[in-house]
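Biologist: Hey, can you pull up the model so we can go through it together?
Modeller: Sure, here it comes.
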Amino acid sequence: TSVTPNPTTRQTTIRNVDTGSVYNVRVRAVSDVGSGQWRSATSQRTYRVPSQVSNIQITQTVSNGMINLQVTWNQPTSDRSIQHYEVQYRKQGVSSWTSVTTNPTTRQTTIRNVDKGSVYNAQVRAVSDVGSGQWGSATSQRTYRVPSQVSNHSDYLLRQCQMDSDSVKQNGQFTI
């Protein structure tokens, strides 16, 4: 493929190249009189987008009675510096994703105040100045219900014993 650069700047930009490919470029002068000889070719590999993010984990946390999901992942390989990570999450059965952007040094984010007893999916990808990597495999996490608050410790133990009837049947008693 031939391109004609701006004659005053003696440079041009070759567009629509494939990432991770090697391109050989050579140059020659052209005037009204004719064309000069080709200069020796030089090779350049184009940068690649970051690799796919791996090891995506979702962990449930509880803070002030709210259920949160912490999403963590491993750093992918990249020819260039990662500018940020994109995290998408959604509740199972919902078609649209909610997006969050994190800074490049943090490989985690917290999804706050999620619905109790629901399943959530999350996916992550890295973004560099070359472009976006592929989404890391979606991961699922079912949230658990937070136990209701009890008025005192004795009530809590009594509820636990009532919920675990096998334990009460075995022991015949419980201690508070």
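Biologist: How much space lies in the largest pocket?
Modeller: About 820 Å³. Before we go on: this is a predicted model, so to speak of local features we need pLDDT of at least 70, side-chain atom pairs count only at pLDDT 80 or more, and totals for chains, interfaces and linings use all residues. Residues are numbered from 1 along each chain as its sequence is written, and side-chain values use heavy atoms, with hydrogens and water left out.
Biologist: What counts as a pocket?
Modeller: On a 1 Å grid over the protein atoms alone, a pocket is an open set of points where a 1.4 Å probe fits, with protein on both sides within 12 Å along at least five of seven lines; lining residues have an atom within 4 Å of a point.
Biologist: Which residues lie nearest the centre of the largest pocket?
Modeller: Val3, Pro5, Arg26, Val27 and Trp38, out of 21 lining residues. By class, that lining has eleven nonpolar, seven polar and three charged residues.
Biologist: Arg26 and Trp38, hm. Where does the charged end of Arg26 sit?
Modeller: Over the ring of Trp38, 4.3 Å from its centre. A charge sits over a ring if NZ of Lys or CZ of Arg is within 6 Å of the ring centre and within 35 degrees of the ring normal. Arg80 also lies over a ring face, that of Tyr47, at 4.4 Å from the ring centre.
Biologist: Back to pockets. What lines the second largest pocket?
Modeller: Among others, Thr12, Ile14, Tyr23 and Gln44. Its volume is about 190 Å³, and its lining has four nonpolar, five polar and no charged residues. Strand 1 (22-25) and strand 2 (42-45) each supply at least two of the lining residues.
Biologist: OK, sheets now. What order do the strands have in the open sheet of three?
Modeller: The order is 3-4-7, with antiparallel pairing. Strands here are DSSP runs (E, at least two residues), numbered from the N terminus, and two of them pair if DSSP finds at least two bridges between them.
Biologist: How many bridges join strand 3 to strand 4?
Modeller: Eight, and the two strands run antiparallel. One bridge pairs Ser63 with Met66 in strand 4.
Biologist: And the sheet of four strands, what's its order?
Modeller: That open sheet goes 6-5-8-9, again with antiparallel pairing. Its edge strands are strand 6 (98-102) and strand 9 (139-142), each pairing on one side only.
Biologist: Which residue in strand 9 does Tyr120 stand opposite?
Modeller: Gln141. Strand 8 (residues 119-128) and strand 9 pair over four bridges.

Definitions and conventions:
Points joined across faces, edges and corners; volume = space filled by probe spheres on them. Nonpolar A, V, L, I, M, F, W, Y, C, P; charged D, E, K, R; others polar.
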